[in-house]
Every structure is written in structure tokens, then in C-alpha cells.
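Welcome, and thank you for opening the viewer. Let us take a short walk together, one selection at a time.

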Amino acid sequence: LYIEEKLHVDEDNMIKTNKGKRMASDINETRGAVFYNPVQEFNRDISILSIREFEKILKEERTAKGKPHEGVSVLEALAATGLRSVRYMKEIDNITNLCANDFDPAATELMQKNFDHNDLDKSKYEIHTKDANYLMQTMKSENKYFDVIDLDPYGTAIPFLESTLSNMTNGGLLCVTFTDMAVLCARKPHVCFYKYGASPLGKSYCHEMALRIVLYMINTMANKY
């Protein structure tokens, strides 16, 4: 398993890791002007392992049905610096195409530099600077669906779930992060109720309950499609 190294800036103002490097920001060498969270490296590790296994299962299922399998298509709807996409392209075999998006032009500009610095195959990725919901609805209207969609927003992913689930292939994989733990662990129960349709309890098992609330909400939305 690839482990991201601690960040070190070299003489060329580049932040280097084991298998990739990214531009350092003059504003802040660790997080920069575009959001980058080094604490999330475990999250990225889990996503990579999950997509690897999902691709194997998908290949077996398609082969059993006599359908061709070239690989998986991936959308990172909220890509920021693009580090997650870089790792996907470098560490996961059989990605046919990857779409990386961020609403901030500064983010997509930095993203392109990071992709170039890591020598990613330009024929296998595309970068968009659009609202994530608008992009996914546009892709859907053009009959472009993804096998894997990754959502890693600030706080809750609720505003993006409907568009995400409708833009996935049947049996696709959703990689999603929720970080609004104050809401999900009963510090703001009224907010949890109107966002998730559930009332959390401030008990020792609140984190497990938060996970169950999130899974319930995703399941409720996914059943529509």
C-alpha cells in the first residue's frame, strides 16, 4: 500500500511524495490557496483499494454476461488540487478515462500543473471548471455515465447526491465523504433532521449511528434510480 509522505518543498517549489508531486503555494506551503488536506491520506488509500477490488468484480460480472470490459471510468466531482485523481491514475490499473472537476478556476489551473508534473496520459483524463451538479446533469443529458464517482466535499455531500446517483452506471461505485460530524453526532440535531431525515443521539456510539444515518440517506436516494 502506497503511503503519502510528509510534505517537503524542494528548490523548485514542488511538494514531493513517493509517487507524485504537486505545486506548493506561496501563500501556504502545506495547504496552499487551493484546499489540500494531508490528514485525508487514509481516506484516499481506502478509496484506491476499494476501486481496485470493484474493477475486478466488475470485470468478472461483465465477462460472465459475455460483455466486453476495458476498465472503469471515474469522475472526481470536487477535485481541488487533483491529488486524488493523480493517485487514481498512477495506482489503479484499467482506468479508461478520468474526469476531474472543480468550480474554482485557480484549482483547475493548479490541477492541470499537477497532472503535467506527474506525467499523466492526457488521452485518459479531462479537466472541467464547472459546478459539480451542473456537470453531472450535463453528462447525464449526453448519456455519459461513470462507473465510479468520488465526492469529497466540505461538510455534507447531500447537495451533490441526487446528481451523482443519476450520473452513475447501473451497479456503479460511489466513494463519498461526510465530515459534518457536529451535525451527525447530535450537537445540531435539528440540522441533522432536515438534512438527513434522522434524529441522532449524543451517545458513545454516535459515530456508528452517524454512519448508519448517512447510509440510510444514500440508500433512500439511490432507490429512486
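Of the 225 residues in this protein, 48% count as buried. Keep in mind on the way that this is a predicted model.

**The whole chain**

Begin with a cartoon view, where eight helices and eight strands make up the protein. Now switch on the surface: its accessible area comes to about 12,200 Å², and 52% of that belongs to carbon and sulfur atoms. If you count the contacts with a separation of 6 or more, residues 24 or more positions apart account for 58% of them.

**Stop one: the largest nonpolar core**

Select L75, F178, L184 and Y196. Among the 32 residues of the largest nonpolar core, these four touch the most other members. Next, colour the elements that give two or more residues to this core: α4 (132–141), β7 (146–151), α5 (158–166), α6 (181–184), α7 and α8. Which of them gives the most? That is α8, with seven residues. In soluble globular proteins, nonpolar side chains tend to be buried together.

Stay with L75 for a moment and show its surroundings. Not counting residues up to four places away in sequence, L75 touches C99, L135, M136, F146, V148, I149, D150 and N167.

**Stop two: V214 on α8**

Now pick V214, which lies in helix α8. Is V214 buried or exposed? Its relative accessibility is 8%, so V214 counts as buried, the limit being under 20%. Leaving aside neighbours within four places in sequence, V214 is in contact with F178, L184 and Y196. You have already selected those three partners as residues that touch the most other members of the core. Try a distance label too: from V214 to T177 it is 9.8 Å, C-alpha to C-alpha, with their places 37 residues apart in sequence.

**Stop three: P200 in a loop**

Move to P200, in the loop between α7 (189–196) and α8 (206–222). Although placed in a loop, P200 is buried, with a relative accessible area of 7%. What is P200 in contact with, beyond its neighbours within four places in sequence? The list is V183, L184, A186, P189, C192, M209 and I213. Label one of these pairs: P200 and V183 are 17 residues apart in sequence, and their C-alpha atoms are 8.4 Å apart in space.

**Stop four: a second core and S85**

Apart from the largest core lies another, of 21 residues, which include M89, L98, F115 and Y125. Select those four, then add S85, found in helix α2 (residues 83–91). S85 is buried, with a relative accessible area of 0%. Beyond its neighbours within four places in sequence, S85 is in contact with E76, L98, A100 and F115; L98 and F115 are among the members of the second core. Where does the side chain of S85 make a polar contact? Look at the side chain of E76, 2.4 Å away.

**Last stop: out on the surface**

Finally, turn to the outside and select F42, I46 and L49. Together they make a nonpolar surface patch of about 290 Å². I46 belongs to helix α1 (residues 41–64). How open is I46? With a relative accessible area of 39%, I46 is partly exposed, whereas S85 from the previous stop is buried, at 0%.

Notes:
Residues are numbered from 1 along each chain as its sequence is written. This is a predicted model: local features need pLDDT of at least 70, side-chain atom pairs count only at pLDDT 80 or more; totals for chains, interfaces and linings use all residues. Side-chain values use heavy atoms; hydrogens and water are left out. Buried means under 20% relative accessible area, exposed over 50%, partly exposed in between (1.4 Å probe, protein chains only). A polar contact is a pair of N or O atoms within 3.5 Å; within protein, one must be able to donate a hydrogen and the other to accept it, and residues adjacent in sequence count only if both atoms are side-chain atoms. Contact means heavy atoms within 4.5 Å. A nonpolar core is a set of buried Ala, Val, Leu, Ile, Met, Phe, Trp, Tyr and Cys residues joined through side-chain atoms within 4.5 Å. Patches are made of residues with over 30% relative accessible area and no salt bridge: like charges are joined within 9 Å, nonpolar side chains (Val, Leu, Ile, Met, Phe, Trp, Tyr) within 5 Å. Accessible areas come from the Shrake-Rupley method with a 1.4 Å probe; for residues, only the protein chains shown count as cover. A salt bridge is a side-chain nitrogen of Lys or Arg within 4 Å of a carboxyl oxygen of Asp or Glu.
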